[in-house]
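The following account leads the reader through a protein model, beginning with a pocket and ending with the chain as a whole.

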Amino acid sequence: MKAFVLRSYGSPDVLDLTDIDKPVPGDDEVLVRVRATSVQPYDWHFMRGEPYVSRLMSGGLGLRKSRIDILGADMAGQVEAVGKDVTEFRPGDEVFAMPKQGGFAEYVCVRESELAPKPKNLSYEQAAAVPLAANTALLGLRDKGRVQPGQKVLVNGASGGVGTFAVQIARAIGAEVTGVCSTRNVGLVRSIGADEVIDYTKEDFTRNGQRYDLLLDIAGGLSTSACRRVLAPRGARVIIGGQAGRWLQPVGHMFSALIMSRLMSQRTIMADVVGCTENKQNLMTLTELIEGGKITPVIDRCYPFEEIPAAIGYVEEGHAPGKVVVTV
């Protein structure tokens, strides 16, 4: 099969499109013919090996080279073969998953416990846009933020991959949603259901006197004092990612926020979807919302498989509204 193999840290040019052996599924695994994948910051962080501090962390990027040889944390495709212990899937089934690696290839092996049937009303490209971003939004809102119907939610970074799902999921839960984005994405964020949209280039949303029960902080960069002004006295801030840097950020920003939160009455929590053990069940929950018309993926661009390096370069610029997907 063909795959983009990452042999060293660097720019998108280090990804090597080459022929490698097709993987063989283990007893509890499913071999999937990848039809579509998506590109996200998770991929280029592993490609660049940044922030450097993450190379030293247990379970991090890898010291001298990435611990992941084939990137691609999302995929949608068709079952090709199954291991002897697999009972739920058969060849030909349409599926999607968040394997965390291996999506930038024509085939990938996924454990049955991480695989879910593809939403019937989505194309492969649309389905590939869902797993990591939508799962992250669901984790941040429902599990970490514990948002309830009628509460006020502020999504800082509402036009990105996670943000567009977060706005829709929060509305589906019954919350009142305010999205923060740049001027060019105001219409997009409003179109996906935000009750109010704030253009951060024209208004400092931390000084307008509004208070929220939950701040889903995807864009990052907010000081402790700014969070105090934004949150209700018993509100919560859920941190997802943040502004990237070569040496320390966003890791340093996350940990400093957690330390400073001890001075606040509001909660501060990090949402780590990579360590989540309920990804399959979450995908099934998302499928219910998708098939029920509650949420839909927002796709900015679609690239052919051979142009994955260009797709990563585009995502790395940090201005993509919604998701960037790849047809395999």
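In this predicted model, strand E6, which spans residues 107-111, gives the second largest pocket the largest share of its lining, namely 5 residues. The pocket itself holds about 210 Å³ of space. Its lining comprises 13 residues, and those closest to the centre are Pro 99, Gln 101, Gly 102, Val 108 and Cys 109. By chemical class, the lining is made up of 8 nonpolar, 2 polar and 3 charged residues. Empty space of this kind is revealed by rolling a probe the size of a water molecule over the atoms.

Attention may now turn to helix H9. This helix covers residues 308-316, and its buried residues are Ile 308, Pro 309, Ala 311, Ile 312, Tyr 314 and Val 315. Several elements contribute to the cover over these buried positions: among them are strands E1 (2-6), E2 (15-19) and E3 (29-39), together with helix H1 (41-48). Strands E14 (299-304) and E15 (323-327) are also included in that cover. Just after H9, Gly 318 adopts a positive phi of about 85 degrees.

These details belong to a protein chain with 9 helices and 15 strands. Of its 328 residues, 55% are buried. When contacts between residues at least 6 apart in sequence are considered, 67% join residues at least 24 apart. The surface that the chain exposes amounts to about 14,000 Å², of which carbon and sulfur atoms supply 49%.

Definitions and conventions. Residues numbered from 1 in each chain as written. Predicted model: local features only at pLDDT ≥ 70, side-chain atom pairs only at ≥ 80, totals over all residues. Heavy atoms only, no water. Helix = DSSP H or I, 4+ residues; strand = E, 2+ residues; numbered from the N terminus. Buried < 20%, exposed > 50% of the residue type's maximum accessible area, 1.4 Å probe, protein only. Contact = heavy atoms within 4.5 Å. Areas by Shrake-Rupley, 256 points an atom, 1.4 Å probe, with all protein chains shown as cover. 1 Å grid on protein atoms, 1.4 Å probe; cavity = no way out; pocket = protein on both sides within 12 Å on 5 of 7 lines; lining within 4 Å. Points joined across faces, edges and corners; volume = space filled by probe spheres on them. Nonpolar A, V, L, I, M, F, W, Y, C, P; charged D, E, K, R; others polar.
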